[in-house]
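This briefing covers one helix and the aromatic rings of the chain shown below. Please keep the structure open while reading.

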Amino acid sequence: EVAPRFIKSEESLGAKKGTATHLFMQFFDFENAVKNGVRAELLRLVEKRFITEDDAKLVNLDEVNAFLSSPLFDRMRNAKEIFREQRFNLYLPASEFTTDEALKEELKEESILVQGVIDCFFYDDDGEIVLVDYKTDRVPKDKKTAEDKLKLMYSGQLGYYARAVEEMCKKPPKSKIIFSLALGEAILV
């Protein structure tokens with residue numbers, strides 16, 4: 001059964017809004033956003049061609065402002081060292097990608113290349129690594145249900161990211177955090 005066109009367009013608009021907001025999060029200058037406001041920083045990013053005018057119209061400024069008001073953002077601003085949009089390649093045992101015991105045995109000598117981009121990780125005041133992944137997913141209104149859903153959906157992904165960070169930095173992250181822009185909350189995974 002095919003969804004009606006108006007439903008498809010609503011879904012794709014939601015995805016476009018999420019992508020646009022994520023683009024802003026990828027490129028925005030922390031200090032400029034704090035000093036001049038999110039709207040001014042968005043205009044600067046359009047002017048510098050980091051984001052298109054069409055995408056800029058889709059950025060959820062309320063969600064971004066909530067992020068800038070969060071304790072996590074304060075920690076990121078004060079980080080000793082911060083890495084944003086860090087690309088990685090990581091070879092993992094192929095056997096980790098199946099629950100079938102016979103297949104695990106068959107794949108024990110094989111590896112799979114996992115590639116990705118980590119939104120952000122930083123060294124905190126104690127020199128520990130904090131891994132952050134922004135999520136723009138629409139979530140249930142109930143905070144606990146929303147947090148549980150995001151943890152369930154993304155804990156595996158953050159596990160791979162943590163392994164990539166450990167390989168890059170020679171130490172594992174102390175914490176893995178999902179920042180849900182829809183909730184305006186940091187969720188410890």
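The points below deal with a bent helix, then with ring pairs, then with charges over rings. The model is predicted. Helix H8 covers residues 143-169 and bends by about 50° at Tyr154. Across the whole structure, a search finds 13 aromatic pairs.

**Helix H8**

- A straight helix of 27 residues would span 39 Å at 1.5 Å a residue, but the end C-alpha atoms of H8 span only 33 Å.
- The bend in H8, about 50°, is at Tyr154.
- Tyr154 is one of the buried residues of H8.
- Others buried in H8 are Ala146, Glu147, Leu150, Leu158, Gly159, Tyr161, Ala162, Ala164, Val165 and Cys169.
- Five strands take the packing of these buried residues: S1 (81-93), S2 (111-123), S3 (129-135), S4 (175-180) and S5 (185-188).
- Lys170 follows H8 and has a positive phi, near 65°.

**Aromatic pairs**

- The search of the whole structure gives 13 aromatic pairs.
- One stacked pair is Phe83 with Phe121, with 4.8 Å between the centres and 20° between the planes.
- Phe83 belongs to strand S1 and Phe121 to strand S2, so this pair links distant parts of the chain, 38 residues apart.
- Phe83 has a relative accessibility of 22% and counts as partly exposed, because buried means under 20%.
- Phe121 is buried, because its relative accessible area of 1% is under 20%.
- Phe97 and Tyr160 also form a stacked pair, 5.7 Å centre to centre, with 25° between the planes.
- Phe97 lies in the loop between S1 and helix H7 (101-106), and Tyr160 lies in helix H8, so the pair ties together parts that are 63 residues apart in sequence.
- Phe97 is partly exposed, with a relative accessible area of 37%.
- Tyr160 is partly exposed as well, with a relative accessible area of 25%.

**Ring cluster**

- Which residues are linked into a cluster by ring pairs? They are Phe24, Phe28, Phe30, Phe67, Phe73, Tyr134 and Phe179.

**Charges over rings**

- Phe28, a member of the ring cluster, has the charged end of Arg84 over its ring, 5.2 Å from the ring centre.
- Tyr154, where H8 bends, has the charged end of Lys135 over its ring, 3.8 Å from the ring centre.

Technical notes
Residues are numbered from 1 along each chain as its sequence is written. This is a predicted model: local features need pLDDT of at least 70, side-chain atom pairs count only at pLDDT 80 or more; totals for chains, interfaces and linings use all residues. Side-chain values use heavy atoms; hydrogens and water are left out. Helices (H or I, at least four residues) and strands (E, at least two) are DSSP runs, numbered from the N terminus. The expected span of a helix is 1.5 Å times one less than its number of residues. The bend at a residue is the angle between axes fitted to the seven residues ending there and the seven starting there. Buried means under 20% relative accessible area, exposed over 50%, partly exposed in between (1.4 Å probe, protein chains only). Contact means heavy atoms within 4.5 Å. Rings of Phe, Tyr and Trp (its six-membered ring) pair if their centres lie within 6.5 Å; planes under 30 degrees apart count as stacked, over 60 as edge-to-face and the rest as tilted. A charge sits over a ring if NZ of Lys or CZ of Arg is within 6 Å of the ring centre and within 35 degrees of the ring normal.
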